[in-house]
Amino acid sequence: MDTIIQYALIVLALGLISLIVIKLMKKDFHIEANKLIGYLGGKDNIINAECNMSRFKVILKDITLVDKDAIERLGAKGIVEIDNQLKIIFGSNAKLLKKYIDEII
């Protein structure tokens, strides 16, 4: 009986440690969304933002305010510029970033 309790405590401790490690490894998307807005020239520069699968599409007032290098350092796998819009490939994080950006702008 004591052995079962010891095993249960070990399993519980390992599960708790695993949850802590996973939480520490997750990105804070609120911070990432704020950074992205800044790299796009600020929230006043954003006319519209959409998300389609892995792509984040944003229409801007002034495309020259964008810091593309910083956006790539943020995790973008690619950026396509067409007139005053950007299509940024973020992979599976695109929808989550869009959600937090909508809350901010």
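## Exercises on a sheet and its core

The four strands of this predicted model form an open sheet in the order β1-β2-β4-β3, and their pairing is antiparallel.

**Exercise 1.** Work out which strands stand at the edges of the sheet, and what this leaves on one side of each.

*Solution.* Start from the order β1-β2-β4-β3. The strands at its edges are β1 and β3 (78–82). Each has a single partner strand, so one side of each has no neighbour in the sheet. To complete the picture, add the twist, which averages 15° from one strand to the next.

**Exercise 2.** Describe how β3 is joined to β4, and find the bridge partner of I79.

*Solution.* Begin with the direction: β3 and β4 run antiparallel. Next, count the bridges that join them, and you should reach five. Finally, follow I79 across to β4, where its bridge partner is I88.

**Exercise 3.** Find the residues with the most contacts inside the largest nonpolar core, and the element that supplies the largest share of this core.

*Solution.* This core has 21 residues, and L40, F56 and F90 have the most contacts inside it. Now look at the elements: α2 (29–39), β1 (46–52), β2 (55–60), β4 (85–89) and α4 (94–104) each supply at least two core residues. The largest share, four residues, comes from α4. That helix also packs on the sheet, where α4 touches β1 and β2. The direction of α4 makes about 150° with that of β1.

**Exercise 4.** List what F90 touches, leaving out residues up to four places away in sequence.

*Solution.* Going along the chain, F90 touches L36, S54, F56, I71, G75, A76, K77 and L97. Among these, F56 also ranks with F90 among the residues with the most contacts inside the core.

How values were computed: Residues numbered from 1 in each chain as written. Predicted model: local features only at pLDDT ≥ 70, side-chain atom pairs only at ≥ 80, totals over all residues. Heavy atoms only, no water. Core = buried A, V, L, I, M, F, W, Y, C linked by side-chain atoms within 4.5 Å. Buried < 20%, exposed > 50% of the residue type's maximum accessible area, 1.4 Å probe, protein only. Contact = heavy atoms within 4.5 Å. Pairing = 2+ DSSP bridges. Axes fitted to C-alpha atoms, helices over the stretch in contact; angles between N-to-C directions.
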